[in-house]
Amino acid sequence: MAEVVTLRAAVAELVRDGDTVALEGFTHLIPVAAGHEIIRQSRRRLRLVRLTPDIVYDQLIGAGCARAVAFSWGGNPGVGSLRRFRDAVENGWPQPLQLEEYSHAQLTNAFIAGASRMPYAALREHPIHPSDHLTEVVCPFTGEVLVAVRAMNPDVTIIHAQQADRAGNVMLWGISGVQREAVLAAERVIVTVEEIVDQFWPRTNGVVLPTWTIDAIAVVPGGTHPSYAHDYSERDNDFYRGWEDVSQDRERFASWIERHVMGTEDWADYRRSLIRSPASSLDGSPS
Amino acid sequence: MMTVAAARWLRDGERVFVGIGLPSTAANLARRSHAPNLVLVYESGTIGSKPEVLPLSIGDGELAVTADVVVSVPEIFNYWLQGGWIDVGFLGAAQLDRFGNLNTTVIGEYARPDVRLPGAGGAPAIATSAGEVVTVIPHSTRTLVAELDFVTTSGHLDGGDARRRRGLPGRGPTVVITDLGIMEPDLQSSELTLTKLHPGVEVDQVTQATGWPLRIADRLSRTDPPSRAELDLLRELKAAR
(Lines give C-alpha, C1' and ligand atoms only; values in the text may rest on other atoms or scores of the structure.)
Protein backbone atom coordinates (compact mmCIF):
# COMPACT_ATOMS: atom_id res chain seq x y z
CA MET A 1 0.00 0.00 0.00
CA ALA A 2 1.21 3.45 -0.88
CA GLU A 3 2.08 5.86 1.89
CA VAL A 4 1.88 9.58 1.26
CA VAL A 5 5.18 11.10 2.38
CA THR A 6 7.55 13.93 1.46
CA LEU A 7 9.80 13.34 -1.52
CA ARG A 8 12.79 13.71 0.80
CA ALA A 9 11.49 10.90 3.03
CA ALA A 10 10.64 8.68 0.05
CA VAL A 11 14.13 8.95 -1.47
CA ALA A 12 15.83 8.58 1.93
CA GLU A 13 13.88 5.41 2.64
CA LEU A 14 13.70 3.72 -0.76
CA VAL A 15 16.73 4.71 -2.88
CA ARG A 16 20.03 3.18 -1.76
CA ASP A 17 23.63 3.54 -2.92
CA GLY A 18 24.41 1.04 -5.67
CA ASP A 19 20.74 0.53 -6.64
CA THR A 20 19.41 0.04 -10.14
CA VAL A 21 17.06 3.02 -10.49
CA ALA A 22 14.64 3.76 -13.32
CA LEU A 23 13.19 7.27 -13.56
CA GLU A 24 10.79 6.69 -16.43
CA GLY A 25 8.74 9.07 -18.53
CA PHE A 26 8.92 9.33 -22.31
CA THR A 27 9.48 13.07 -22.85
CA HIS A 28 6.23 13.63 -20.94
CA LEU A 29 5.92 13.18 -17.13
CA ILE A 30 9.66 12.94 -16.42
CA PRO A 31 10.22 12.76 -12.64
CA VAL A 32 12.80 15.56 -12.51
CA ALA A 33 12.09 16.59 -8.91
CA ALA A 34 12.91 13.04 -7.76
CA GLY A 35 16.18 13.16 -9.72
CA HIS A 36 17.10 16.38 -7.92
CA GLU A 37 16.33 14.84 -4.56
CA ILE A 38 18.65 11.92 -5.36
CA ILE A 39 21.40 14.44 -6.16
CA ARG A 40 20.62 16.40 -2.97
CA GLN A 41 20.93 13.25 -0.86
CA SER A 42 24.22 12.38 -2.62
CA ARG A 43 23.32 8.85 -3.67
CA ARG A 44 26.30 7.14 -5.30
CA ARG A 45 27.15 4.23 -7.64
CA LEU A 46 23.65 4.09 -9.10
CA ARG A 47 22.91 2.09 -12.23
CA LEU A 48 20.47 4.42 -13.96
CA VAL A 49 17.92 2.97 -16.37
CA ARG A 50 15.83 4.89 -18.84
CA LEU A 51 14.93 4.74 -22.54
CA THR A 52 15.69 8.40 -23.10
CA PRO A 53 18.14 9.79 -20.56
CA ASP A 54 17.69 13.53 -20.93
CA ILE A 55 18.43 16.57 -18.79
CA VAL A 56 17.71 14.92 -15.44
CA TYR A 57 20.16 12.06 -16.18
CA ASP A 58 22.69 14.60 -17.47
CA GLN A 59 22.41 16.22 -14.03
CA LEU A 60 22.64 12.95 -12.09
CA ILE A 61 25.68 11.84 -14.12
CA GLY A 62 27.43 15.22 -13.89
CA ALA A 63 26.77 15.33 -10.15
CA GLY A 64 28.56 11.99 -9.70
CA CYS A 65 25.59 9.80 -8.73
CA ALA A 66 25.95 7.18 -11.49
CA ARG A 67 28.30 4.30 -12.23
CA ALA A 68 26.32 2.91 -15.17
CA VAL A 69 23.51 3.84 -17.55
CA ALA A 70 21.21 1.38 -19.30
CA PHE A 71 19.56 3.35 -22.09
CA SER A 72 18.52 3.50 -25.73
CA TRP A 73 18.76 7.17 -26.75
CA GLY A 74 20.88 9.66 -24.84
CA GLY A 75 20.33 13.17 -26.14
CA ASN A 76 18.64 16.50 -25.50
CA PRO A 77 15.51 15.98 -27.64
CA GLY A 78 15.39 18.38 -30.57
CA VAL A 79 18.42 20.29 -29.25
CA GLY A 80 21.49 18.04 -29.45
CA SER A 81 23.89 16.29 -27.10
CA LEU A 82 23.85 15.67 -23.39
CA ARG A 83 27.13 17.36 -22.49
CA ARG A 84 27.62 15.82 -19.01
CA PHE A 85 26.76 12.33 -20.31
CA ARG A 86 29.25 12.77 -23.15
CA ASP A 87 31.96 14.13 -20.85
CA ALA A 88 31.57 11.02 -18.66
CA VAL A 89 31.74 8.64 -21.63
CA GLU A 90 34.44 10.45 -23.62
CA ASN A 91 36.62 11.71 -20.74
CA GLY A 92 35.57 9.81 -17.63
CA TRP A 93 34.47 12.99 -15.83
CA PRO A 94 33.45 13.19 -13.02
CA GLN A 95 33.84 9.42 -13.14
CA PRO A 96 33.79 6.72 -15.82
CA LEU A 97 30.34 5.62 -16.89
CA GLN A 98 29.59 2.07 -17.88
CA LEU A 99 27.16 1.92 -20.82
CA GLU A 100 24.53 -0.75 -21.26
CA GLU A 101 23.28 -0.06 -24.74
CA TYR A 102 19.81 -0.98 -26.08
CA SER A 103 17.42 0.18 -28.77
CA HIS A 104 14.02 1.55 -27.72
CA ALA A 105 12.31 -1.70 -28.71
CA GLN A 106 14.88 -3.78 -26.81
CA LEU A 107 14.74 -1.84 -23.54
CA THR A 108 10.95 -1.64 -23.81
CA ASN A 109 10.77 -5.41 -24.14
CA ALA A 110 13.24 -5.79 -21.26
CA PHE A 111 10.73 -3.89 -19.08
CA ILE A 112 7.87 -6.03 -20.42
CA ALA A 113 9.77 -9.18 -19.44
CA GLY A 114 10.55 -7.59 -16.07
CA ALA A 115 6.89 -6.75 -15.44
CA SER A 116 5.87 -10.25 -16.57
CA ARG A 117 8.49 -11.78 -14.22
CA MET A 118 9.92 -13.62 -17.21
CA PRO A 119 13.68 -14.03 -17.67
CA TYR A 120 13.70 -12.51 -21.16
CA ALA A 121 11.58 -11.23 -24.02
CA ALA A 122 11.94 -11.91 -27.75
CA LEU A 123 11.63 -9.47 -30.61
CA ARG A 124 12.56 -9.16 -34.25
CA GLU A 125 15.27 -6.60 -34.83
CA HIS A 126 18.58 -6.30 -36.61
CA PRO A 127 21.46 -5.81 -36.00
CA ILE A 128 22.24 -6.74 -32.42
CA HIS A 129 25.49 -6.29 -30.60
CA PRO A 130 25.76 -9.34 -28.38
CA SER A 131 26.33 -8.42 -24.75
CA ASP A 132 25.31 -9.53 -21.27
CA HIS A 133 21.77 -8.43 -21.95
CA LEU A 134 21.30 -9.29 -25.64
CA THR A 135 21.69 -12.47 -27.61
CA GLU A 136 19.98 -14.45 -30.36
CA VAL A 137 17.43 -17.17 -29.78
CA VAL A 138 15.81 -19.63 -32.17
CA CYS A 139 12.02 -19.73 -32.12
CA PRO A 140 11.00 -23.27 -31.06
CA PHE A 141 7.93 -23.12 -33.34
CA THR A 142 9.14 -21.52 -36.57
CA GLY A 143 12.92 -21.77 -36.40
CA GLU A 144 13.23 -18.03 -36.94
CA VAL A 145 16.26 -16.36 -35.37
CA LEU A 146 15.06 -13.69 -32.95
CA VAL A 147 16.62 -11.24 -30.51
CA ALA A 148 16.43 -12.18 -26.84
CA VAL A 149 16.70 -9.35 -24.35
CA ARG A 150 17.25 -10.03 -20.65
CA ALA A 151 14.50 -8.85 -18.27
CA MET A 152 14.96 -5.46 -16.61
CA ASN A 153 13.94 -5.43 -12.95
CA PRO A 154 14.95 -2.16 -11.25
CA ASP A 155 15.45 -2.01 -7.49
CA VAL A 156 13.48 1.23 -7.61
CA THR A 157 11.26 2.78 -10.26
CA ILE A 158 10.23 6.40 -9.93
CA ILE A 159 7.53 7.99 -12.08
CA HIS A 160 5.45 11.16 -12.05
CA ALA A 161 1.66 11.03 -12.49
CA GLN A 162 -1.03 13.67 -12.65
CA GLN A 163 -3.15 12.39 -9.76
CA ALA A 164 -3.42 10.09 -6.77
CA ASP A 165 -6.67 9.46 -4.93
CA ARG A 166 -7.18 9.26 -1.17
CA ALA A 167 -6.66 5.51 -1.21
CA GLY A 168 -3.25 5.91 -2.88
CA ASN A 169 -4.19 4.74 -6.36
CA VAL A 170 -2.41 6.67 -9.10
CA MET A 171 -3.63 7.87 -12.50
CA LEU A 172 -1.66 9.26 -15.42
CA TRP A 173 -2.72 10.11 -18.95
CA GLY A 174 -1.42 11.53 -22.22
CA ILE A 175 1.83 10.06 -23.55
CA SER A 176 2.31 7.16 -21.13
CA GLY A 177 5.67 5.73 -22.24
CA VAL A 178 6.77 2.55 -20.47
CA GLN A 179 5.76 3.68 -16.99
CA ARG A 180 3.31 0.87 -16.30
CA GLU A 181 5.90 -1.78 -17.19
CA ALA A 182 8.70 -0.01 -15.30
CA VAL A 183 6.52 0.14 -12.16
CA LEU A 184 5.42 -3.49 -12.31
CA ALA A 185 9.01 -4.65 -12.97
CA ALA A 186 10.44 -2.91 -9.88
CA GLU A 187 10.99 -4.02 -6.30
CA ARG A 188 10.19 -0.57 -4.88
CA VAL A 189 8.14 2.24 -6.41
CA ILE A 190 7.93 5.98 -5.77
CA VAL A 191 5.36 8.14 -7.55
CA THR A 192 5.35 11.93 -7.47
CA VAL A 193 1.99 13.50 -8.35
CA GLU A 194 0.57 16.88 -9.24
CA GLU A 195 -2.23 16.57 -6.71
CA ILE A 196 -4.36 14.25 -4.60
CA VAL A 197 -8.02 14.19 -5.59
CA ASP A 198 -11.18 12.76 -4.03
CA GLN A 199 -12.12 10.88 -7.16
CA PHE A 200 -10.66 10.02 -10.57
CA TRP A 201 -12.55 10.89 -13.72
CA PRO A 202 -12.11 8.56 -16.70
CA ARG A 203 -9.58 9.97 -19.17
CA THR A 204 -8.73 8.96 -22.71
CA ASN A 205 -5.62 6.77 -22.56
CA GLY A 206 -5.67 6.86 -18.77
CA VAL A 207 -3.37 4.45 -16.93
CA VAL A 208 -4.34 3.55 -13.38
CA LEU A 209 -1.88 1.90 -11.00
CA PRO A 210 -3.46 0.38 -7.87
CA THR A 211 -2.14 1.53 -4.51
CA TRP A 212 -0.70 -1.92 -3.74
CA THR A 213 1.77 -1.60 -6.64
CA ILE A 214 3.28 1.55 -5.07
CA ASP A 215 5.35 2.16 -1.93
CA ALA A 216 5.43 5.93 -1.61
CA ILE A 217 3.54 8.87 -3.08
CA ALA A 218 4.83 12.42 -2.79
CA VAL A 219 2.86 15.48 -3.89
CA VAL A 220 5.18 17.60 -6.04
CA PRO A 221 3.26 20.00 -8.28
CA GLY A 222 5.23 20.84 -11.42
CA GLY A 223 7.75 18.14 -10.48
CA THR A 224 8.42 17.34 -14.12
CA HIS A 225 9.82 20.71 -15.19
CA PRO A 226 11.21 21.26 -17.87
CA SER A 227 9.18 18.23 -18.98
CA TYR A 228 5.43 18.55 -18.51
CA ALA A 229 2.26 16.98 -17.18
CA HIS A 230 -0.59 16.85 -19.69
CA ASP A 231 -3.48 19.13 -18.55
CA TYR A 232 -1.25 20.66 -15.82
CA SER A 233 1.80 22.21 -17.48
CA GLU A 234 3.51 22.87 -20.81
CA ARG A 235 6.90 21.55 -21.90
CA ASP A 236 9.48 24.32 -21.31
CA ASN A 237 11.34 24.08 -24.61
CA ASP A 238 13.42 27.18 -23.78
CA PHE A 239 14.84 25.40 -20.75
CA TYR A 240 15.90 22.43 -22.90
CA ARG A 241 17.59 24.83 -25.33
CA GLY A 242 19.21 26.77 -22.48
CA TRP A 243 20.56 23.59 -20.87
CA GLU A 244 23.01 23.28 -23.76
CA ASP A 245 24.86 26.37 -22.48
CA VAL A 246 24.80 25.50 -18.79
CA SER A 247 25.93 21.92 -19.31
CA GLN A 248 28.69 22.60 -21.84
CA ASP A 249 31.16 23.74 -19.22
CA ARG A 250 32.11 21.70 -16.12
CA GLU A 251 32.39 24.71 -13.82
CA ARG A 252 29.23 26.34 -15.00
CA PHE A 253 27.39 23.05 -14.53
CA ALA A 254 28.87 22.53 -11.06
CA SER A 255 27.87 25.99 -9.91
CA TRP A 256 24.38 25.51 -11.37
CA ILE A 257 23.94 22.27 -9.39
CA GLU A 258 25.40 23.88 -6.28
CA ARG A 259 23.12 26.87 -6.49
CA HIS A 260 19.89 25.31 -7.71
CA VAL A 261 19.94 21.75 -6.36
CA MET A 262 22.38 21.33 -3.48
CA GLY A 263 21.68 24.86 -2.28
CA THR A 264 17.91 24.45 -2.21
CA GLU A 265 15.74 22.73 0.37
CA ASP A 266 13.33 21.02 -1.94
CA TRP A 267 11.57 21.32 -5.31
CA ALA A 268 9.53 24.39 -4.35
CA ASP A 269 12.73 26.11 -3.23
CA TYR A 270 14.41 25.07 -6.50
CA ARG A 271 11.61 26.65 -8.50
CA ARG A 272 12.02 29.88 -6.51
CA SER A 273 15.78 29.77 -7.11
CA LEU A 274 15.20 29.80 -10.87
CA ILE A 275 13.09 32.93 -10.66
CA ARG A 276 15.71 34.63 -8.45
CA SER A 277 18.51 33.86 -10.84
CA PRO A 278 18.66 36.49 -13.59
CA ALA A 279 22.31 35.64 -14.35
CA SER A 280 21.36 32.19 -15.55
CA SER A 281 19.95 31.65 -19.00
CA LEU A 282 17.58 29.25 -17.26
CA ASP A 283 15.91 31.94 -15.19
CA GLY A 284 12.82 32.12 -17.33
CA SER A 285 9.36 30.70 -17.02
CA PRO A 286 9.53 27.72 -14.66
CA SER A 287 5.96 27.18 -15.74
CA MET B 1 15.87 21.32 -50.81
CA MET B 2 16.53 18.21 -48.72
CA THR B 3 13.32 18.79 -46.74
CA VAL B 4 11.22 19.46 -49.83
CA ALA B 5 12.62 16.44 -51.69
CA ALA B 6 11.93 14.25 -48.66
CA ALA B 7 8.37 15.56 -48.37
CA ARG B 8 7.72 14.73 -52.02
CA TRP B 9 8.77 11.15 -51.44
CA LEU B 10 5.79 10.54 -49.15
CA ARG B 11 2.55 9.41 -50.79
CA ASP B 12 -0.92 10.36 -49.62
CA GLY B 13 -2.50 7.91 -47.20
CA GLU B 14 0.74 6.28 -46.09
CA ARG B 15 1.45 5.62 -42.44
CA VAL B 16 4.83 7.13 -41.71
CA PHE B 17 6.93 6.62 -38.58
CA VAL B 18 8.52 10.01 -38.02
CA GLY B 19 11.63 11.01 -36.10
CA ILE B 20 12.17 14.54 -34.87
CA GLY B 21 13.99 17.21 -36.86
CA LEU B 22 14.06 17.10 -40.65
CA PRO B 23 11.85 13.99 -40.97
CA SER B 24 9.16 15.64 -38.87
CA THR B 25 9.38 18.89 -40.86
CA ALA B 26 9.22 17.00 -44.17
CA ALA B 27 6.30 14.82 -43.10
CA ASN B 28 4.34 17.85 -41.93
CA LEU B 29 5.12 19.67 -45.17
CA ALA B 30 3.83 16.67 -47.14
CA ARG B 31 0.66 16.51 -45.03
CA ARG B 32 -0.05 20.17 -45.74
CA SER B 33 0.60 19.93 -49.47
CA HIS B 34 0.13 16.83 -51.62
CA ALA B 35 -0.59 14.23 -48.92
CA PRO B 36 -3.40 15.49 -46.66
CA ASN B 37 -4.20 11.95 -45.50
CA LEU B 38 -0.65 11.09 -44.45
CA VAL B 39 -0.75 9.38 -41.05
CA LEU B 40 2.05 10.67 -38.82
CA VAL B 41 3.16 8.19 -36.19
CA TYR B 42 5.67 9.25 -33.52
CA GLU B 43 7.57 6.81 -31.32
CA SER B 44 6.14 8.41 -28.20
CA GLY B 45 2.96 6.55 -29.15
CA THR B 46 0.98 9.26 -30.92
CA ILE B 47 -0.80 7.92 -34.02
CA GLY B 48 -2.31 10.31 -36.56
CA SER B 49 -0.82 13.49 -35.08
CA LYS B 50 -1.77 16.71 -36.86
CA PRO B 51 0.44 19.31 -35.17
CA GLU B 52 -0.23 22.98 -35.88
CA VAL B 53 3.31 23.88 -34.87
CA LEU B 54 6.44 21.82 -35.41
CA PRO B 55 7.27 19.90 -32.24
CA LEU B 56 10.71 20.25 -30.60
CA SER B 57 10.62 16.70 -29.26
CA ILE B 58 8.83 13.49 -30.23
CA GLY B 59 6.76 13.80 -27.05
CA ASP B 60 5.46 17.36 -27.23
CA GLY B 61 1.92 17.77 -25.93
CA GLU B 62 0.85 19.09 -29.34
CA LEU B 63 1.42 15.62 -30.84
CA ALA B 64 -0.77 13.92 -28.26
CA VAL B 65 -3.59 16.47 -28.33
CA THR B 66 -3.93 16.31 -32.12
CA ALA B 67 -3.54 12.51 -32.43
CA ASP B 68 -6.25 10.00 -33.38
CA VAL B 69 -5.02 7.78 -30.57
CA VAL B 70 -2.16 7.73 -28.09
CA VAL B 71 -0.72 4.33 -27.18
CA SER B 72 2.08 3.28 -24.83
CA VAL B 73 5.66 2.80 -25.97
CA PRO B 74 5.43 -1.02 -25.70
CA GLU B 75 2.38 -0.90 -27.96
CA ILE B 76 3.85 1.42 -30.56
CA PHE B 77 6.93 -0.74 -31.02
CA ASN B 78 5.47 -4.22 -30.63
CA TYR B 79 1.93 -4.01 -32.03
CA TRP B 80 2.08 -1.15 -34.53
CA LEU B 81 5.65 -1.17 -35.84
CA GLN B 82 6.70 -4.83 -35.46
CA GLY B 83 3.10 -5.75 -36.21
CA GLY B 84 3.56 -4.41 -39.73
CA TRP B 85 1.26 -1.36 -39.80
CA ILE B 86 3.93 1.17 -40.81
CA ASP B 87 4.52 1.87 -44.52
CA VAL B 88 7.47 4.22 -44.31
CA GLY B 89 10.16 4.78 -41.70
CA PHE B 90 11.98 8.08 -41.86
CA LEU B 91 15.54 8.11 -40.53
CA GLY B 92 18.58 10.35 -40.22
CA ALA B 93 22.10 9.38 -39.14
CA ALA B 94 25.62 10.63 -38.48
CA GLN B 95 27.12 8.11 -40.93
CA LEU B 96 25.75 6.03 -43.80
CA ASP B 97 27.50 3.44 -45.99
CA ARG B 98 26.95 2.33 -49.59
CA PHE B 99 24.27 -0.16 -48.57
CA GLY B 100 22.32 2.32 -46.46
CA ASN B 101 23.43 0.92 -43.10
CA LEU B 102 23.47 3.65 -40.43
CA ASN B 103 25.56 4.77 -37.48
CA THR B 104 24.06 6.91 -34.71
CA THR B 105 26.17 5.50 -31.86
CA VAL B 106 29.79 6.72 -31.88
CA ILE B 107 32.39 8.46 -34.03
CA GLY B 108 35.69 6.68 -33.42
CA GLU B 109 36.22 3.53 -31.40
CA TYR B 110 33.30 2.31 -29.30
CA ALA B 111 35.30 1.95 -26.09
CA ARG B 112 37.11 5.30 -26.56
CA PRO B 113 34.83 7.40 -28.73
CA ASP B 114 35.85 10.72 -30.26
CA VAL B 115 32.20 11.69 -30.19
CA ARG B 116 29.53 9.86 -28.28
CA LEU B 117 26.25 10.14 -30.23
CA PRO B 118 22.76 9.55 -28.76
CA GLY B 119 22.54 5.87 -29.78
CA ALA B 120 19.97 3.64 -31.44
CA GLY B 121 16.61 4.99 -30.28
CA GLY B 122 13.85 3.52 -32.40
CA ALA B 123 15.89 3.24 -35.60
CA PRO B 124 16.82 -0.48 -35.61
CA ALA B 125 13.19 -1.49 -35.09
CA ILE B 126 12.00 0.97 -37.74
CA ALA B 127 14.58 -0.24 -40.28
CA THR B 128 13.66 -3.86 -39.54
CA SER B 129 9.87 -3.63 -39.74
CA ALA B 130 8.74 -0.54 -41.68
CA GLY B 131 7.65 -1.32 -45.25
CA GLU B 132 10.47 0.86 -46.56
CA VAL B 133 12.99 3.33 -45.18
CA VAL B 134 13.63 6.89 -46.35
CA THR B 135 16.96 8.25 -45.08
CA VAL B 136 17.92 11.91 -45.04
CA ILE B 137 21.53 12.94 -44.43
CA PRO B 138 23.74 15.91 -45.35
CA HIS B 139 26.16 14.94 -48.12
CA SER B 140 29.88 14.91 -47.22
CA THR B 141 32.81 12.51 -46.95
CA ARG B 142 32.35 12.63 -43.16
CA THR B 143 28.77 11.38 -43.36
CA LEU B 144 28.80 9.11 -46.43
CA VAL B 145 31.67 6.81 -45.52
CA ALA B 146 33.27 3.64 -46.88
CA GLU B 147 33.05 1.98 -43.49
CA LEU B 148 30.83 2.86 -40.54
CA ASP B 149 32.51 3.38 -37.16
CA PHE B 150 29.60 1.42 -35.65
CA VAL B 151 26.64 -0.33 -37.28
CA THR B 152 23.61 0.85 -35.31
CA THR B 153 20.88 0.19 -37.84
CA SER B 154 20.65 -2.27 -40.73
CA GLY B 155 20.07 -1.10 -44.28
CA HIS B 156 20.86 -3.63 -46.99
CA LEU B 157 23.57 -5.23 -44.77
CA ASP B 158 26.32 -6.39 -47.18
CA GLY B 159 24.14 -5.93 -50.27
CA GLY B 160 22.21 -8.11 -52.70
CA ASP B 161 19.26 -9.87 -51.13
CA ALA B 162 20.93 -10.02 -47.70
CA ARG B 163 17.83 -8.63 -46.00
CA ARG B 164 15.61 -11.37 -47.35
CA ARG B 165 18.14 -14.05 -46.42
CA ARG B 166 18.31 -12.64 -42.88
CA GLY B 167 14.49 -12.70 -42.66
CA LEU B 168 13.97 -8.96 -42.22
CA PRO B 169 10.35 -8.16 -43.07
CA GLY B 170 10.72 -4.60 -44.46
CA ARG B 171 12.26 -3.72 -47.83
CA GLY B 172 14.88 -1.56 -46.12
CA PRO B 173 16.22 1.71 -47.57
CA THR B 174 14.52 2.58 -50.86
CA VAL B 175 15.93 6.09 -51.08
CA VAL B 176 18.59 8.30 -49.53
CA ILE B 177 17.98 12.03 -49.85
CA THR B 178 20.86 14.46 -49.32
CA ASP B 179 21.37 18.18 -49.89
CA LEU B 180 23.04 17.37 -53.25
CA GLY B 181 20.81 14.72 -54.75
CA ILE B 182 18.98 11.43 -54.43
CA MET B 183 20.38 7.90 -54.30
CA GLU B 184 18.44 4.68 -54.74
CA PRO B 185 19.64 1.11 -54.27
CA ASP B 186 20.57 -0.86 -57.39
CA LEU B 187 18.00 -3.60 -58.00
CA GLN B 188 20.64 -6.37 -58.06
CA SER B 189 23.43 -5.34 -55.73
CA SER B 190 21.37 -3.03 -53.46
CA GLU B 191 24.28 -0.58 -53.65
CA LEU B 192 23.21 3.06 -53.51
CA THR B 193 23.26 4.69 -56.94
CA LEU B 194 22.96 8.38 -57.70
CA THR B 195 19.69 8.80 -59.62
CA LYS B 196 18.87 12.50 -59.26
CA LEU B 197 20.77 15.74 -58.85
CA HIS B 198 19.29 18.74 -57.08
CA PRO B 199 19.13 21.99 -59.11
CA GLY B 200 22.54 23.56 -59.68
CA VAL B 201 24.51 20.50 -58.50
CA GLU B 202 26.98 18.67 -60.78
CA VAL B 203 28.01 15.01 -60.65
CA ASP B 204 31.63 15.79 -59.68
CA GLN B 205 30.44 17.66 -56.64
CA VAL B 206 28.50 14.62 -55.49
CA THR B 207 31.24 12.04 -56.11
CA GLN B 208 33.78 14.23 -54.34
CA ALA B 209 31.49 14.48 -51.32
CA THR B 210 31.02 10.70 -51.13
CA GLY B 211 33.40 8.46 -49.16
CA TRP B 212 33.29 5.58 -51.66
CA PRO B 213 33.34 5.40 -55.50
CA LEU B 214 29.71 6.31 -56.06
CA ARG B 215 27.73 4.53 -58.78
CA ILE B 216 25.91 6.86 -61.14
CA ALA B 217 22.67 5.85 -62.84
CA ASP B 218 22.69 5.60 -66.64
CA ARG B 219 19.70 7.88 -66.79
CA LEU B 220 20.46 10.62 -64.30
CA SER B 221 17.70 13.16 -63.84
CA ARG B 222 17.19 16.36 -61.87
CA THR B 223 14.82 17.12 -59.04
CA ASP B 224 12.44 19.99 -59.70
CA PRO B 225 13.36 23.11 -57.78
CA PRO B 226 11.15 23.80 -54.75
CA SER B 227 7.93 25.45 -55.87
CA ARG B 228 6.74 28.75 -54.50
CA ALA B 229 3.94 26.94 -52.68
CA GLU B 230 6.34 24.43 -51.07
CA LEU B 231 8.65 27.18 -49.88
CA ASP B 232 5.78 29.24 -48.49
CA LEU B 233 4.43 26.24 -46.56
CA LEU B 234 7.88 25.42 -45.22
CA ARG B 235 8.41 29.00 -44.07
CA GLU B 236 5.00 29.00 -42.42
CA LEU B 237 5.75 25.74 -40.60
CA LYS B 238 9.09 27.00 -39.33
CA ALA B 239 7.73 30.37 -38.32
CA ALA B 240 4.93 28.79 -36.30
CA ARG B 241 7.48 27.05 -34.08
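Here is a short chat about helix α2(A) and the interface of chain A and chain B in a predicted model.

User: What makes helix α2 of chain A "mostly covered"?

Analyst: Buried means under 20% relative accessible area. In α2(A), residues 32-40, nine of the nine residues are buried, so by that cut-off the helix earns the label. Among them are Val32(A), His36(A), Glu37(A) and Arg40(A). Just after the helix comes Ser42(A), with a positive phi near 50°.

User: Why is the pair Glu101(A) and Arg116(B) called a salt bridge?

Analyst: The rule wants a side-chain nitrogen of Lys or Arg within 4 Å of a carboxyl oxygen of Asp or Glu. Here the closest N and O atoms are 2.8 Å apart, and that is within 4 Å, so the pair counts. The rule finds three salt bridges across this interface.

User: How do you know that chain A and chain B touch?

Analyst: Contact means heavy atoms within 4.5 Å, and 45 residues of chain A are in contact with 45 residues of chain B. The two chains bury about 3500 Å² between them, with 58% of that on carbon and sulfur atoms. Of the area chain A buries here, Arg124(A), His126(A) and Ile175(A) supply 19%, more than any other three residues.

User: How many residue pairs are in polar contact between the chains?

Analyst: The count is 19 pairs. On the side of chain A that touches chain B, α4, β5, α5 and α7 each supply at least two residues. The largest share, five residues, comes from α5(A). That side divides into 18 nonpolar, 17 polar and ten charged residues.

Technical notes
Residues are numbered from 1 along each chain as its sequence is written. Chains are lettered from A and ligands numbered from 1 in the order in which they are written. This is a predicted model: local features need pLDDT of at least 70, side-chain atom pairs count only at pLDDT 80 or more; totals for chains, interfaces and linings use all residues. Side-chain values use heavy atoms; hydrogens and water are left out. Buried means under 20% relative accessible area, exposed over 50%, partly exposed in between (1.4 Å probe, protein chains only). Helices (H or I, at least four residues) and strands (E, at least two) are DSSP runs, numbered from the N terminus. Buried area is the accessible area (1.4 Å probe) that two parts lose on being put together, summed over both. A polar contact is a pair of N or O atoms within 3.5 Å; within protein, one must be able to donate a hydrogen and the other to accept it, and residues adjacent in sequence count only if both atoms are side-chain atoms. Ala, Val, Leu, Ile, Met, Phe, Trp, Tyr, Cys and Pro count as nonpolar, Asp, Glu, Lys and Arg as charged, and the others, Gly among them, as polar.
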